[in-house]
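Trainee: May we go through the reasoning behind some of the terms applied to this structure?
Mentor: Certainly; please have the sequence and the model in view.

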Protein chains: 2
Amino acid sequence: MALGEKDWLACCGSVKFAQEMVSAGPFSNYQEALNAAKDIWFNKVDVFGWLEAFAAHPQIGESPSQNHKSPISAQWSKGEQSTALATATDSTLQELYEWNARYREKFGFVFLIFASGRSTPEILAELKRRYQNRPIVEFKLAAEEQMKITELRLSKLFPANTTDISTTKIP
Amino acid sequence: MALGEKDWLACCGSVKFAQEMVSAGPFSNYQEALNAAKDIWFNKVDVFGWLEAFAAHPQIGESPSQNHKSPISAQWSKGEQSTALATATDSTLQELYEWNARYREKFGFVFLIFASGRSTPEILAELKRRYQNRPIVEFKLAAEEQMKITELRLSKLFPANTTDISTTKIP
């Protein structure tokens, strides 16, 4: 499958990540792409690239901005937060908003969490717990959450990701 | 002792670090200042502050630039590198220069090492070894080296740091 820089950027907003994925590809299946993505994200993208990717996310509980760099990413982000939004009340959303601001004040970047299937109270509890961390610990955790988000998004680029064509025997 | 933001900034080039040291002070001795410095550096300064402090250092083997933010820091940096400079040859300096560039290309920030008493060949070997690290591992190591440099510089702000006046018995 011929995927370009824009596709990889929709999975993870680091330009270095997207460029390295282009160099490492093309991939014949999801697992190959995922292995490359993990290697690139944890071994090749530097801390500035991590921060760049974090900055591409909307604040949790908020919609991606109109001028979001990647329309696909903005759409996916909305989908990933659908459980959270369905379980939110005005007061939990307000609390989430306040804790997001405290988090950003302490760490300098947006609170990042693999939100798929998680309710707003769950996310809020996790945010309060993680707020206690040292900046370096939280920085690493955010990078791990980013990888989980990337993993889910990569799977959307490979809809038929159950079988590796190259290992399928011809009957 | 009344020390100001400028003094702390000469020890560690993060503005947040310097401001927090002012808030935490005044300190009656070196040990008190050091304890506060460690707590602030590892628990309160965020990753942007770490990068800001790293950026305040000259490349190892090079003199601080003319327009260095802190003249005291520039002078100290020169002193800390005196062993390295005394043991350098043209070829090792050239190699150091090249590896510094490779390091910066991979990690995005300057190679940071507690250089006091270390020869150029030693520093070069350490640079080559550390170049193999993952970006996040190297980021943490650089922050630890920064703390060692800060520790040495703090001791210069407290010249009589052997005895805590408050515990000295009057004969």
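Mentor: In this predicted model, the crossing of H2(A) and H3(A) is right-handed. H2(A) contributes A:Lys16, A:Phe17, A:Glu20, A:Met21 and A:Ala24 to the contact, and H3(A) contributes A:Ala33, A:Ala36, A:Ala37, A:Ile40, A:Trp41 and A:Lys44. By class, these comprise 8 nonpolar, no polar and 3 charged residues.

Trainee: Why is H2(A) called oblique to H3(A)?
Mentor: The two helices, residues 15-24 and 30-44, pack at an angle of about 135 degrees, with their axes 10 Å apart. Roughly antiparallel requires an angle over 145 degrees, and roughly perpendicular covers 65 to 115. The angle of about 135 degrees fits neither class, and therefore H2(A) is oblique to H3(A).

Trainee: What makes H7(A) roughly parallel to H8(A)?
Mentor: Their axes come within 10 Å and cross at roughly 25 degrees. Angles under 35 degrees count as roughly parallel, so H7(A) is roughly parallel to H8(A). Their crossing is left-handed. By class, the contact of H7(A) with H8(A) has 8 nonpolar, 3 polar and 5 charged residues.

Trainee: Why is A:Asn133 called buried?
Mentor: A:Asn133 has a relative accessible area of 18%. Buried means under 20%, so A:Asn133 is buried.

Trainee: Where does A:Asn133 lie, and which residues does A:Asn133 touch, not counting those up to four places away in sequence?
Mentor: A:Asn133 lies in the loop between H8 (120-131) and H9 (135-157) of chain A. With that exclusion, A:Asn133 touches A:Lys106, A:Phe107, A:Glu138 and A:Leu141. Among the H7(A) residues that meet H8(A) are A:Lys106 and A:Phe107.

Conventions:
Residues numbered from 1 in each chain as written. Chains lettered and ligands numbered in written order. Predicted model: local features only at pLDDT ≥ 70, side-chain atom pairs only at ≥ 80, totals over all residues. Heavy atoms only, no water. Helix = DSSP H or I, 4+ residues; strand = E, 2+ residues; numbered from the N terminus. Buried < 20%, exposed > 50% of the residue type's maximum accessible area, 1.4 Å probe, protein only. Contact = heavy atoms within 4.5 Å. Axes fitted to C-alpha atoms, helices over the stretch in contact; angles between N-to-C directions. Left-handed = near helix turned anticlockwise from the far one by under 90°. Nonpolar A, V, L, I, M, F, W, Y, C, P; charged D, E, K, R; others polar.
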